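Q: Please take a close look at one strand and what lies around it. Explain each term with its cut-offs as you go.

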Amino acid sequence: LLHIAEAAADTLVAAGLKTVGLLGTKPTMELDFYRDILAKRGLEVLIPEAEDRAEMHRIIFEELCLGVVSDESRREGLAIMERLAGRGATGMILGCTELGLLFRPEDTKMPLFDTARIHALAAVGKALE
């Protein structure tokens, strides 16, 4: 089994990060299953405040899952990232596979870690071993 959070942790540690923001659905951000794996690798994981978690969850389910990608939601998501950066995040985990549709590397100076891409690359690596 290739756990998406394990693959993300490998990538974040290799990038030399210590404190990261985690975006995703409310369960991804609020429950320990993702954060614990990252914490075991020495990473401090910051999640958005409650209002921002609710907005990120809404964007995912009411827009991205329906194929809607809006500039307004991109701006709101980037503002959430900036608030996490203000708390010390030096990289951002896109912890929901749909978030890669909304955020592009050129949208922010903060490094983005798209877990869908990371997981796929890890699977290819395992297949080629």
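A: What follows starts with strand E1, then takes up the sheet, the loops and the helices.

This is a predicted model, in which local features need pLDDT of at least 70 and side-chain atom pairs count only at pLDDT 80 or more, while totals for chains, interfaces and linings use all residues. Residues are numbered from 1 along each chain as its sequence is written, and side-chain values use heavy atoms, with hydrogens and water left out.

Strand E1 spans residues 19–23. Strands (E, at least two residues) and helices (H or I, at least four) are DSSP runs, numbered from the N terminus. Five of the five residues of E1 are buried. Here buried means under 20% relative accessible area, exposed means over 50%, and partly exposed is in between, with a 1.4 Å probe and protein chains only. Val20 and Leu22 point one way from E1, and Thr19, Gly21 and Leu23 point the other way.

E1 belongs to an open sheet of four strands in the order E2-E1-E3-E4, with parallel pairing. Two strands pair if DSSP finds at least two bridges between them. E2 and E4 (112–114) stand at the edges with a single partner strand each, so one side of each has no neighbour in the sheet. From one strand to the next, the twist averages 30 degrees; angles run from 0 to 180 degrees between N-to-C directions, and axes are lines fitted to C-alpha atoms, for helices over the stretch in contact.

On one side, E1 pairs with E2 (residues 44–46) in the parallel sense over three bridges. Gly21 has Leu46 as its bridge partner in E2. E1 is also joined to E3 (residues 92–94) by three bridges, again running parallel, and there Gly21 stands opposite Met92. Three bridges connect E3 in turn with E4, where Leu112 is opposite Met92.

Two loop residues can be placed relative to these strands. Gly88 sits in the loop between H5 and E3 and is partly exposed, with a relative accessible area of 32%. Its C-alpha atom is 7.8 Å from that of Val20, although 68 residues separate Gly88 and Val20 along the chain. Leaving aside residues up to four places away in sequence, Gly88 touches Thr19 and Leu46; contact means heavy atoms within 4.5 Å. Arg104 lies in the loop between helix H6 (99–102) and E4. At 34% relative accessible area, Arg104 is partly exposed. With residues up to four places away again left out, Arg104 touches Arg74 and Leu112. Ten residues separate Arg104 from Asp114 in sequence, and their C-alpha atoms are 9.5 Å apart.

Next comes helix H1. Its buried residues include Ala5, Ala7, Ala8, Ala9 and Leu12. The buried residues of H1 pack against E1, H3, E3, E4 and helix H7 (115–128). Just after H1, Gly16 takes a positive phi of about 80 degrees.

Two packed helices are described by the angle between their axes and the distance between the axes. H1 (residues 4–14) and H3 (residues 32–40) pack at about 35 degrees, and their axes are 9 Å apart. Their crossing is right-handed: the near helix is turned clockwise from the far one by less than a right angle, whereas an anticlockwise turn is left-handed. H1 contributes Ile4, Ala5, Glu6, Ala8, Ala9 and Leu12 to the contact, and H3 contributes Tyr34, Ile37 and Leu38. That contact has eight nonpolar residues, one charged and no polar. Ala, Val, Leu, Ile, Met, Phe, Trp, Tyr, Cys and Pro count as nonpolar, Asp, Glu, Lys and Arg as charged, and the others, Gly among them, as polar.

Tyr34 is buried at 2% relative accessibility, whereas Phe33 is partly exposed at 42%. One aromatic pair is found in a search of the whole structure. Phe33 and Tyr34 form this pair, which is edge-to-face, with 6.2 Å centre to centre and 70 degrees between the planes. Rings of Phe, Tyr and Trp (its six-membered ring) pair if their centres lie within 6.5 Å; planes under 30 degrees apart count as stacked, over 60 as edge-to-face and the rest as tilted.
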